[in-house]
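Please open the model in your viewer and keep the sequence panel beside it. The tour below goes from one selection to the next and says what is to be found at each stop.

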Amino acid sequence: MVYICRKEHFCAAHKLFNPAWSKEKNAEIFGACSNENWHGHNFTLIVKVKGKPNPDTSFVMDMKVLGEVIREEIIDKVDHKNFNEDVDFLRGKMPTCEIIIMEFWKILAPKIATISKQTAHLHSLQLHETENNFVEYFGEE
């Protein structure tokens, strides 16, 4: 099995706020992330795909095609957007990195399998919110 990786960058804003809680409790739990005027990050998304190299091309999957899928399905929909207000697939969800990465998986996993004719599969996603904080997801719930 060979693992190929693609890295993409995007900028987005969000607010972590549970409407069932008081403003004070949100501030206690989420700190500055509950700022009513939002806050933003320069995110890095790393997509790892696994498969066996095709005997004709020696590709697990064409990296150019993988990049196009990631940009069309994810980056174009989230870059310079507000996760809470502008991104359809996050509407009504708390936009933590944990939830965001799970939603990215739901979009990318079937697209990658279909485009590769089931020869390549999404192995993992990493979403870096800051230089020090990131989440990784393998598709398990």
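Begin by selecting Leu127, which, once its neighbours within four places in sequence are left aside, is in contact (heavy atoms within 4.5 Å) with Phe10, Phe43, Thr44, Leu45, Cys97, Ile100, Ile101, Phe104, Asn133, Phe134 and Val135. Before going on, note that this is a predicted model, in which local features need pLDDT of at least 70 and side-chain atom pairs count only at pLDDT 80 or more, while totals for chains, interfaces and linings use all residues. Residues are numbered from 1 along each chain as its sequence is written, and side-chain values use heavy atoms, with hydrogens and water left out.

Next, add Phe10, Val47, Val49 and Phe104 to the selection: together with Leu127 they have the most contacts inside the largest nonpolar core, which has 34 residues. Such a core is a set of buried Ala, Val, Leu, Ile, Met, Phe, Trp, Tyr and Cys residues (buried: under 20% relative accessible area, 1.4 Å probe, protein chains only) joined through side-chain atoms within 4.5 Å. The elements giving two or more residues to this core are β1, β2, α2 (63-78), α4, β4 and β5 (134-137), and α4 supplies the largest share, nine residues. Helices (H or I, at least four residues) and strands (E, at least two) are DSSP runs, numbered from the N terminus.

Now display the strands, five of which form an open sheet of mixed pairing in the order β3-β1-β2-β4-β5, where two strands pair if DSSP finds at least two bridges between them. The edge strands, β3 (81-82) and β5, each pair on one side only. Select β1 (residues 2-14) with β2 (residues 39-51), and an antiparallel pairing over 13 bridges appears; β2 is also joined, again antiparallel, to β4 (residues 120-128) by eight bridges. Val47 can be followed across these strands, as it is the bridge partner of Arg6 and has Leu125 as its bridge partner in β4. Further along, Val49 stands opposite Leu122 in β4.

Move then to helix α4 (residues 97-115) and pick Glu103. Is Glu103 buried or exposed? Glu103 is buried, with a relative accessible area of 9%, and, apart from neighbours within four places in sequence, its contacts are Phe89, Leu90 and Lys93.

Notes:
Buried < 20%, exposed > 50% of the residue type's maximum accessible area, 1.4 Å probe, protein only.
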